[in-house]
Amino acid sequence: MFDGLIAFGHSLASFMDPMSIGLILLSTLVGVIIGALPGLTATMGVALMTTMTIKMPSGQALLVLICTYVGAIYGGSRSAILLNIPGTPASAAACIDGHQLAKQGLAGRAMGIATTGSVLGTLIGMFFLALFTPVLGNLALKFGAYEFFWLALFGVIIAGTLTGNDPLKGWIAGLIGIFTACIGQESIYAYDRFTFGDRNLAGGLQLVPALVGAFGFAELLATVREKPVPVKLNPFDSVIPKLRDVTQYWRTILRSGVIGTFMGILPGVGEDVAAWSSYAAARRVSKEKEKFGKGSIDGLMAAETGDNACVPGAVIPVLTLAIPGSAPAAVLMAAMLIHGVRPGPMIMIEAPTFVYDVVAMMLFATLGILLYGLTLTNLLIKVLMVPKSIIIPIIFVLCVVGSYAISQRLFDVYVMLGFGVLGYVLRRMKYPVAPLVLGMVLGDLMEKGFRRGLVLSDGALTPFFTRPISAVIWITIVLVIAIKIPFVQRMIATRFGRRPQAGGA
Amino acid sequence: MNAGSYPASPRADFLGALAWIAFGALIVVMSWQMDRFAAQGATPHTYPGLWPGLVGGMLAALGGILALRSLGRARSAGWQAGESDDTEIVAPSRFALGAGLFFVYALLLVGRGLPFWLGTALFVTAFVFLFQRAQRIADGRAARGIVVALVCGGATAAAVTVVFEQLFLVRLP
């Protein structure tokens, strides 16, 4: 307990130099602006910043990325409240009541509530990050090839199930991601698969250019297709949060913080699901249900607390299992690997203080969003007024040069373009993109777990199903899939007298 | 309503499903044709094509389920159910122009002998000018539009070149 606190103190002190403080302020600001601009997501922001931090020392690079991540998830609430357009998908739930408050002339108060919820949500998530990571890290040491195979598969399945409206399409997107992880030399015989003799493909597809394409370029293609809409802003009052909002809604804050963190821990689920789940839970227990959708402070607080609590939550499985809890966390994990940090079960043995470094980074990012939440309203409004016709080409230049900068080869630019087109087509066909990313990130782990498991058992599949932890995970996977099958839904409805859900597989 | 929030029609889903079936089958065939390292005593569970073959098979199977589901939807609601007229919020001509500029920049202006800063300045200037042109002409400020586009192009090219070359030590294409 005290060892942890001492390690956390050391981590805090290690970032107290002018360079780190400057990076915290700059990268949180970049994150807030990226999040506030509709069409630019947190995943895109973290991916773009990954390309710009390649040459930095690993500690500073990860500090920049975590500040960008936290800042972007917070920044999305600004456009949600002021424009009724979620800056990131995570802020979609905040639109409902945030913009209603803005229309009532309470945009300042809504922004203050968003700041309060985001700061407290991140702090709650940080608490669980510091508490659970060492425990889960020790538990993860018991995981073998079989468990990692199932866990990686669970990540893709749960992302496919929860991140879109159609689980079947989510699972297909996940399989496409898993397939892309097969490209290049396999691990046992170094045999080139799906490379067509191109030596650029022998090492596999670089993750960051692919993610920059799937999230950055694809978003730009979608944005240029839409006609420009004139920006209309409502007048707003003071953005300084009120203590009363914390004392009155402390139950909502705690509940949403826990829900958001739990949603973050679930592999691949992400901030948008965390925000909606927190919002739904708040509406269910609220004494002011009738205000939801008409400018409920309870609802806005729940959504903003939930999505920001998800950020530290999503980092917990990254650190302990090398399985990302959300799409931006997947990019963060890729960045960790690029910078020589090996997340996973061994992290508590190889680099036990790294967990506290991450907690300290989260704390600095939280202070950053608090600072900008209180001071930067007018600047952010000016940024929101910049025409997209100016922002889009600049972002595309960064997509191109960022993809190129990682290995300094044009091939990665073409990978970015290819995945951009794929991401755009998938979006147009209503396929969620988060499972694709999870598949790309977890595909390698899944295959290694599968093949190592088969080698260990001399080809027998039994251990995949009989080992206790494996059994728990595969039974969960079967249940997650089963409840999305219409026949099973009808059976449950008949048995328990409930109507089946829409959007079944 | 956002342009992306309309549901996909059974026709779009069916065509997508056929593509997944074909792609999955292609992966299975290519996986089957991979070397099995028999001379080195490889067993079936170590074949390089085993895992991608399973993934391809699953993809084709899920594509088949999607095809059956879209056929069912088409029978009950018609092939175009869910397709909506979104012409008020989207402009295909803007998409064609934007996508064209993106690809011209990434494929022709970068890494083909033209200095990076010049290619970037040309791309950003052209993009800003062309996307603002109609509004500028309507406002009677076409000349100002050219100046704004040139400033954006020049500033972006200078900033990106300096930051990546001097700060991040990247040798730009």
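A residue is called buried when its relative accessible area is under 20%, exposed when that area is over 50%, and partly exposed in between, with a 1.4 Å probe and protein chains only. The model is predicted, so local features need pLDDT of at least 70 and side-chain atom pairs count only at pLDDT 80 or more, while totals for chains, interfaces and linings use all residues. Residues are numbered from 1 along each chain as its sequence is written, chains are lettered from A and ligands numbered from 1 in the order in which they are written, and side-chain values use heavy atoms, with hydrogens and water left out.

**Exercise 1.** Classify A:K430 as buried, exposed or partly exposed, and describe its place and backbone.

*Solution.* Begin with the location: A:K430 belongs to the loop that runs between α20 and α21 (434-456) of chain A, where helices (H or I, at least four residues) and strands (E, at least two) are DSSP runs numbered from the N terminus. Next, consider the backbone, where A:K430 has a positive phi near 65° although this residue is not glycine. Finally, the relative accessible area of A:K430 is 22%, so the residue is partly exposed.

**Exercise 2.** Do the same for A:Q408, stating its loop, its phi and its exposure class.

*Solution.* The loop that holds A:Q408 lies between α19 (388-407) and α20 (410-428) of chain A. Its phi is positive, about 55°, and A:Q408 is not a glycine either. With a relative accessibility of 30%, A:Q408 counts as partly exposed.

**Exercise 3.** Decide how compact chain A is for its length.

*Solution.* First take the secondary structure, which in chain A comprises 24 helices and two strands. The radius of gyration of chain A, 22 Å, is close to the 23 Å that the globule rule gives for 505 residues, and therefore chain A is as compact as a globular protein of that length; the radius is taken over C-alpha atoms, and the rule is 2.2 Å times the number of residues to the power 0.38. Along the principal axes, the C-alpha atoms of chain A fill a box of roughly 70 × 60 × 55 Å. Of the 505 residues in this chain, 63% count as buried.

**Exercise 4.** Describe the interface between chain B and chain A.

*Solution.* Start with contacts, meaning heavy atoms within 4.5 Å: 73 residues of chain B touch 63 residues of chain A in this sense. Then turn to the buried area, which is about 5900 Å², with carbon and sulfur atoms giving 76% of it; this is the accessible area (1.4 Å probe) that two parts lose on being put together, summed over both. In chain B, the residues that lose the most area to chain A are B:H45, B:W51 and B:F102, together 13% of what that side buries.
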